Amino acid sequence: MQLPIRLRLRRGRTLPRPSYIASTTPSPLPVDGSRLSTYSALTARLPMCSLQRSWPPLSRSSFFSTSPSAVGEETVVDVPKTEDTADPKPSTFFRVKPLVPENLKPLLDLSTPAAWYPEARKIRRTIHLHVGPPDSAKGDVPRNMLRSASSGLYVGPYSVHAREFARRMKETGFHIEVMPEDVDAALSKIPPPPDPVTHWAASPAAASLEQPVHTAVIDECQVLADASNGHAWTRLILGLPAENLYVCGPPHIVDVVSRLAKLCGDEATVTVYERRSELRIEDRGLRGSLSNVVEGDCLVTFAGSGIFALRKQVESFAQLTAAIVYEGVPPEVRLQQVNSFNDQQKGHKVLVTTDAVTVGMVPFVRRIIFGSASTVTEDLSKTRQLPESKIYEVGNLAGRFRTSRNVGYVVTLTNPDLKRVTNVLLSQTISPLEKVPVRPTLSHVQELARELPDAKYSEILKLLSSSASVAADAFVLADLRVPIQVAEIIDDIPKMRLEDRFLISMGPVANLDLKDRKWRSAVTALGQAIADGTPIPLIPEPDVKVPDTSVLDILNDTEIPDEVPPPPKIPRPSTTAEIHALTSSHALLLLHLHLHSHHASLLPPKPKLLSLKARIETKIAKTLENMHNEKLTAKLARKSYGHKVSALSEKKKRRRAIEIGARARALSLQEKLAESALTGARDISTPLM
């Protein structure tokens, strides 16, 4: 039997979580850490400490059971120990560099990502940076240049934005098509269309790096700072084969994109835009009271886990219905919620959101309310200040040119946070982005697999995550925790090709609840079917009952009936478990679409997948609408019902008055006819009023 010893690492530099390496036989760990055994030639970072005992034997499963991740100032490390071993007395704690065999070092070298894209290196490119805050029209000139170019590509943050851009362009008579959103251009080329198409719109994952164009536009480049998703934008900037590459984003990306241009041997120009609408910062905070929230406000929180509770609190105190936007729902649903907020007549009155609203969304916000100027780390162990870039991007969402909310206001929920927000927004200068993330490609994984034939796929990803080297002046390794989690799920599937493992692990699974055994089993079944070459059935539609009418439907039903209607039935509020089930089903369906171009013969027809995707998105939207504050919903429904009954009463009164007036006019006409018959008068053309 083994018992854990809890060792505390002293406060110091950021340390990766340990991924232990050992042989199948016990091997002592000397105090100086000079001798380490290896398993299958794999190595990883090992936090070294001075122990007054021998290192105990470890099982193979413990070598790679945890994914590499950063830890805080103090980390608790569990080390197995035997019962007869005394508790160690840790003395000096320090870190060592990972021990990587010489033959693996070239394969772990990711320091020259510009060389990964030979098509782009054949072209002398000019990168045009158009930077500015939201509502500065920084994207107008690039889009006009795209229209006038002989060939072009527009890349939006999500496929829904690419489709919307193509729709607007087609309405003006411009011929543009959307690239297939399920094709991963990093693995295969997009098939040419039957008719010659010169202009395309695409999401970052579907954008082709094989087809040269004259002009390309990359929108929403603030995502470069995202450790999980920024690698897609890095890939576009380095690899798009376009003579003129327009990069649109905030000013803090100028330095790093200019360095990328220099690494690629390209020229770079910078055009800076200013806000078109006025931005004002209020003198004091809201004193923590949500009752001060008014129509047109947008309350921003950076703790996504509590956004539903915050929404209910806002609706309870402000007595206003609130739209909700956060990372866990599909972009199509986010866009629908923002559009509902922008509809000032029939939509929601308040917007509760995370910083997800800064990517691809255009809310008509009167006032931005920062819930806090700090956020908590992922492990909830400590708080940290919000980056200046987040304050800049969120604060400048207030106000929208040529709308009724053309003057923007910014305030914080509490007074202590207001000073820092004011300093950032008044100076309009923020610390530049220093590094952008890069992610290993399929070729890197294949080369390591050839050198380490006995290693599991997840072990190769962990080795890349812990030991890959990048150019420290411009790049940082992308966050591989989610791909590693997926890789561990499909590790034990026999006879599965490495390309399929890579395709599944790098797919759109960010919103898939991998902690739930149900969804882990679904991913395993999908991988097993692909490995066996058996048909994959259509995933079942989530059995989540949603109401036919939402709160907005009840409030916006202004039709006055002829009879007194029955009181409206308030549906049972939806739960967070239901929304999680729907979003996980949607993420699994996106993974099916992601695999469709490579395994179309095994998967259901694409129209069926897209139809199911649309139905699930509708359910997600209705479920979100049904998660309002129950008391407010009942109150507003009663108020709407009372107005309808009153309107019906007034309608009946007016109808009765019209009937009485008609009878009076008819009686007066009869009296006039009788009088005319007696007097012999013939002029009866004008009735009495």
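The following paragraphs lead from the chain as a whole to two helix pairs and one loop residue.

The structure is a predicted model. Its protein chain comprises 19 helices and 21 strands. Of the 689 residues in this chain, 49% count as buried. The surface that the protein chain exposes amounts to about 33,400 Å², and carbon and sulfur atoms supply 53% of that area. Among contacts in the protein chain with a separation of 6 or more, 80% are accounted for by residues 24 or more positions apart.

Two helix pairs illustrate how individual elements pack. In one of them, helix α17 (residues 576-596) and helix α18 (residues 606-625) have axes that come within 10 Å and cross at roughly 160 degrees. Angles over 145 degrees count as roughly antiparallel, and α17 and α18 are therefore roughly antiparallel to each other. The crossing in which α17 passes α18 is left-handed. On the α17 side, the contact is made by Ile579, Leu582, Thr583, Ser585, His586, Leu589, Leu590, His592, Leu593 and His596. From α18 come Lys606, Leu609, Leu610, Leu612, Lys613, Ile616, Glu617, Lys619, Ile620, Thr623 and Leu624. By residue class, this contact of α17 with α18 divides into 11 nonpolar, six polar and four charged residues.

The other pair consists of helix α13 (residues 481-490) and helix α14 (residues 498-505), whose axes come within 8 Å and cross at roughly 135 degrees. That angle makes α13 oblique to α14, because it falls outside the ranges for roughly parallel, roughly antiparallel and roughly perpendicular. Here α13 passes α14 in a right-handed crossing. Pro483, Val486, Ala487 and Ile490 are the residues of α13 that meet Arg501, Ile504 and Ser505 of α14. The residues of this contact between α13 and α14 comprise five nonpolar, one polar and one charged.

The final site is a charged residue in a loop. Asp355 is located in the loop between β15 (350-353) and β16 (367-370). Is Asp355 buried or exposed? Its relative accessible area is 16%, and a residue under 20% counts as buried, so Asp355 is buried. When residues up to four places away in sequence are not counted, Asp355 touches Val300, Thr301, Phe302, Glu327, Lys390 and Val394. The residues that Asp355 touches thus include the charged side chains of Glu327 and Lys390, together with nonpolar residues, among them Val300, Phe302 and Val394.

Definitions and conventions: Residues numbered from 1 in each chain as written. Predicted model: local features only at pLDDT ≥ 70, side-chain atom pairs only at ≥ 80, totals over all residues. Heavy atoms only, no water. Axes fitted to C-alpha atoms, helices over the stretch in contact; angles between N-to-C directions. Helix = DSSP H or I, 4+ residues; strand = E, 2+ residues; numbered from the N terminus. Parallel < 35°, antiparallel > 145°, perpendicular 65-115°, else oblique. Left-handed = near helix turned anticlockwise from the far one by under 90°. Contact = heavy atoms within 4.5 Å. Buried < 20%, exposed > 50% of the residue type's maximum accessible area, 1.4 Å probe, protein only. Areas by Shrake-Rupley, 256 points an atom, 1.4 Å probe, with all protein chains shown as cover.
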